[in-house]
Amino acid sequence: MNLLRKKTDHELIQDFQDGDLHALETLVLRHKDKMYTSILFLVKDKYLAEDIFQDVLIKIIDTIRGGRYTEEGKFLPWAMRIAHNLCVDHFRKVKRTPSIRTSDDRDIFEVINFTEEGADMKMMKKQSHDRVRQMLDLLPEDQREVIILRHYADLSFKEIASLTNCSINTALGRMRYGLINLRKMMMQKKIAL
């Protein structure tokens, strides 16, 4: 298993196509947090996010087993595109628009990701997460989506542009305006994270 962890995504996919199930497990474990977190922020429901995540895994497995995977070296953006499309499909089914919110600049996320020390720190961290989520929910959908994909899925702006069918400049602009809007909200509500 340790040897598998050192392999690239492409090598793991090759190993899985050759019948090594541990290679797929390693690949999924490597990227599951980014994929699941992004789905969760898109659908805002833990159980629904788990269902969609399972559907993403099934699509990934079926595509790789069927020999239709062609995104050499780009597994995570490809998997994120599948996750994004399944989220959009879900919202189309329930006739709602995805409510994807953006977040504030990197400083906020660095604060949120600090190490937990005790019960008081855990409570403060939860409150910070809740505040950020509430503010994200107030942003326009396109701004929210770009910030989630950038900060939670760790995608590049090029990958985000491809995933959301817009130009890189548009993705950058949405991020900029989302951050500006979050700063305004923080100043109006006098929130410090």
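Which residues line the largest cavity? The legends below take that up, after a look at the whole chain.

**Figure 1. The whole protein is a predicted model built from 10 helices and zero strands.** Residues are numbered from 1 along each chain as its sequence is written. In this predicted model, local features need pLDDT of at least 70, side-chain atom pairs count only at pLDDT 80 or more, totals for chains, interfaces and linings use all residues, and side-chain values use heavy atoms, with hydrogens and water left out. From the N terminus on, the elements read α-α-α-α-α-α-α-α-α-α; helices (H or I, at least four residues) and strands (E, at least two) are DSSP runs, numbered from the N terminus. Of the 193 residues, 44% count as buried, where buried means under 20% relative accessible area, exposed over 50% and partly exposed in between (1.4 Å probe, protein chains only). Among contacts (heavy atoms within 4.5 Å) between residues at least 6 apart in sequence, 62% join residues at least 24 apart.

**Figure 2. Confidence varies along the chain, from helix 6 to helix 4.** The pLDDT, the predictor's confidence in each residue from 0 to 100, has a mean of 79 for the protein, and 78% of the residues reach 70 or more. Confidence is highest in helix 4 (residues 46-65), at a mean of 90, and lowest in helix 6 (residues 106-112), at 41. Over residues 96-117 the pLDDT is below 50, and this stretch has 67 contacts in the model beyond near neighbours in sequence.

**Figure 3. Here is the largest cavity, with about 30 Å³ of space.** Its lining is made by Met-35, Ser-38, Ile-39, Leu-42, Met-80, Ala-83, His-84, Cys-87 and Leu-149. Helix 3 (21-43) and helix 5 (75-93) are the elements that give two or more residues to this lining. A search of the whole structure finds one cavity of 30 Å³ or more. On a 1 Å grid over the protein atoms alone, a cavity is a set of points where a 1.4 Å probe fits but cannot get out, and lining residues have an atom within 4 Å of a point. Grid points are joined across faces, edges and corners, and the volume is the space filled by probe spheres set on the points. The lining divides into seven nonpolar, two polar and no charged residues; Ala, Val, Leu, Ile, Met, Phe, Trp, Tyr, Cys and Pro count as nonpolar, Asp, Glu, Lys and Arg as charged, and the others, Gly among them, as polar.

**Figure 4. His-84 sits in helix 5 and belongs to the cavity lining.** With a relative accessible area of 9%, His-84 is buried. Leaving aside residues up to four places away in sequence, His-84 touches Leu-42, Glu-145 and Leu-163.

**Figure 5. Two salt bridges involve Lys-7 with Asp-15 and Arg-30 with Asp-9.** Side chains of opposite charge can pair when their charged atoms come close. A salt bridge is a side-chain nitrogen of Lys or Arg within 4 Å of a carboxyl oxygen of Asp or Glu, and the whole structure holds four. The closest N and O atoms of Lys-7 and Asp-15 are 2.5 Å apart; Lys-7 is partly exposed at 28% relative accessibility, while Asp-15 is buried at 16%. For Arg-30 and Asp-9, the N to O distance is 2.7 Å. This pair links distant parts of the chain, with Arg-30 in helix 3 and Asp-9 in helix 2 (residues 9-17), 21 residues apart.

Definitions and conventions. 1 Å grid on protein atoms, 1.4 Å probe; cavity = no way out; pocket = protein on both sides within 12 Å on 5 of 7 lines; lining within 4 Å.
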